[in-house]
Amino acid sequence: MTSTVFGNGSNMDAFLRLDRMPHIWCSGCGIGPAVGCFVRAIERASLDPDKVALVSGIGCAGRAAGYVKLDSFHTTHGRALPFATGLKLGNPELSVVVFSGDGDLVAIGGNHLVHCARRNIDMTVICINNFNYGMTGGQVGPTTPMDARSSTSPYGNFEHPFNVPYLVAASGATYVARWTVLHTRQLERSIAEAMVKPGFSFVEVISPCPTLYGRMNKESKGLDTLHSYQERSVVRDGADPKDVDIEMTGPIIVGKFVDIERPTFGDLYQRLLQRVEEKSKQ
């Protein structure tokens, strides 16, 4: 395997477990490019890799934890966020990143998602959204657009999907962005910003799943989906998250939607300890 070099001259292979290659992702899948953006963002953000921990759940995107040469943890389905919370509370110096899919984070892990955002846990979540349960057969999921076909909605989905940026923003996230895997430079920059942003930061990554979702919706090749992203994507930084729903047709609004300041869970916990200590001295 040839060595991959970053634009600044550093070696990307230093962040990858090459002994586990080739990876299991399908041809045309967007998870590989998203992983590339993530590891490049570590250098862009000037983070010490020895203090970056990656946590993932079950699903295609969850396999990323096994391919990066970082302290990484492959947790049970839907439980990446509470595991990452414990990791951050146990070692506040770590930069904790959760890298997983829409099914893992928004479906079975949805309750943990809203409460991590509400508590403003200091972590970064990279959510690969390919609009279906890609690993287990292409079933309809909580982000599948209306009228989209899947293995369990062969005549079109009739359940309203989550607008994920709106969900996490309304729950209290301090940083919310969305990019497609076509927007590699913007995605890399956004992940770097998210990893140094205090509080709960969330980056949604719209990604092709040609083997299952794409095949069911007339985009049987990853390149077909990338062409769709090119035609449909509209960069709108500062857009109101409630207005960034994704439909089968029409625009895909991408950009940085939320970037605010709010005390983190750790900040509030330390304030509480200080009050308790002061009260004990009275």
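The following questions and answers concern the pockets, the cavity and the salt bridges of a predicted model.

Colleague: Which residues lie nearest the centre of the largest pocket?

Modeller: The largest pocket holds about 260 Å³ of space, and its lining is made up of 20 residues. Those residues divide into 10 nonpolar, 7 polar and 3 charged. Nearest the centre of this pocket lie Tyr 213, Glu 219, Ser 228, Arg 232 and Met 248.

Colleague: Which element gives the most to the lining of the largest pocket?

Modeller: Two helices, α7 (210-216) and α8 (222-232), each supply at least two residues of that lining. The element that gives the most, with 4 residues, is α8.

Colleague: From which element does the largest share of the lining of the second largest pocket come?

Modeller: The second largest pocket, with a volume of about 230 Å³, is lined by residues that include Lys 88, Leu 89, Ile 121, Asp 122, Phe 265 and Tyr 269. Two or more residues of this lining are given by each of α2 (80-90) and α9 (265-280). The largest share, 5 residues, comes from α9.

Colleague: How many charged residues are in the lining of the largest cavity?

Modeller: A search of the whole structure finds 1 cavity of 30 Å³ or more, and the volume of the largest cavity is about 80 Å³. Among the residues that line this cavity are Asn 129, Phe 131, Arg 178, Glu 204 and Asp 245. By class, the lining has 5 nonpolar and 3 polar residues, and the number of charged residues is 3.

Colleague: Is Glu 188, which forms a salt bridge with Arg 185, buried or exposed?

Modeller: In the salt bridge between Arg 185 and Glu 188, the closest N and O atoms are 3.6 Å apart. Both residues belong to helix α6 (residues 184-196), and because they are 3 residues apart in that helix, about one helical turn separates them. Arg 185 has a relative accessible area of 53% and is therefore exposed, whereas Glu 188, at 6% relative accessibility, counts as buried.

Colleague: How many residues apart are Lys 256 and Glu 193, the pair that links distant parts of the chain?

Modeller: The side chains of Lys 256 and Glu 193 meet in a salt bridge, with 3.6 Å from N to O. Lys 256 lies in strand β8 (residues 252-259) and Glu 193 in helix α6, so that the pair links distant parts of the chain, and the two residues are separated along the chain by 63 residues.

Colleague: What is the relative accessibility of Lys 281, which meets Glu 277 in a salt bridge?

Modeller: The side chains of Glu 277 and Lys 281 come together in a salt bridge of 3.6 Å, N to O. Glu 277 is partly exposed, with a relative accessible area of 43%. Lys 281 counts as exposed, and its relative accessibility is 65%.

Colleague: Which residues do salt bridges that share partners join into one network?

Modeller: The structure holds 11 salt bridges, and one of them is formed by the side chains of Lys 256 and Glu 193. Lys 256, at 25% relative accessibility, counts as partly exposed, and Glu 193, at 30%, also counts as partly exposed. Salt bridges that share partners make one network of Glu 193, Lys 197, Lys 256, Asp 259 and Glu 261.

Note on methods:
Residues numbered from 1 in each chain as written. Predicted model: local features only at pLDDT ≥ 70, side-chain atom pairs only at ≥ 80, totals over all residues. Heavy atoms only, no water. 1 Å grid on protein atoms, 1.4 Å probe; cavity = no way out; pocket = protein on both sides within 12 Å on 5 of 7 lines; lining within 4 Å. Points joined across faces, edges and corners; volume = space filled by probe spheres on them. Nonpolar A, V, L, I, M, F, W, Y, C, P; charged D, E, K, R; others polar. Salt bridge = Lys/Arg side-chain N within 4 Å of Asp/Glu carboxyl O. Buried < 20%, exposed > 50% of the residue type's maximum accessible area, 1.4 Å probe, protein only.
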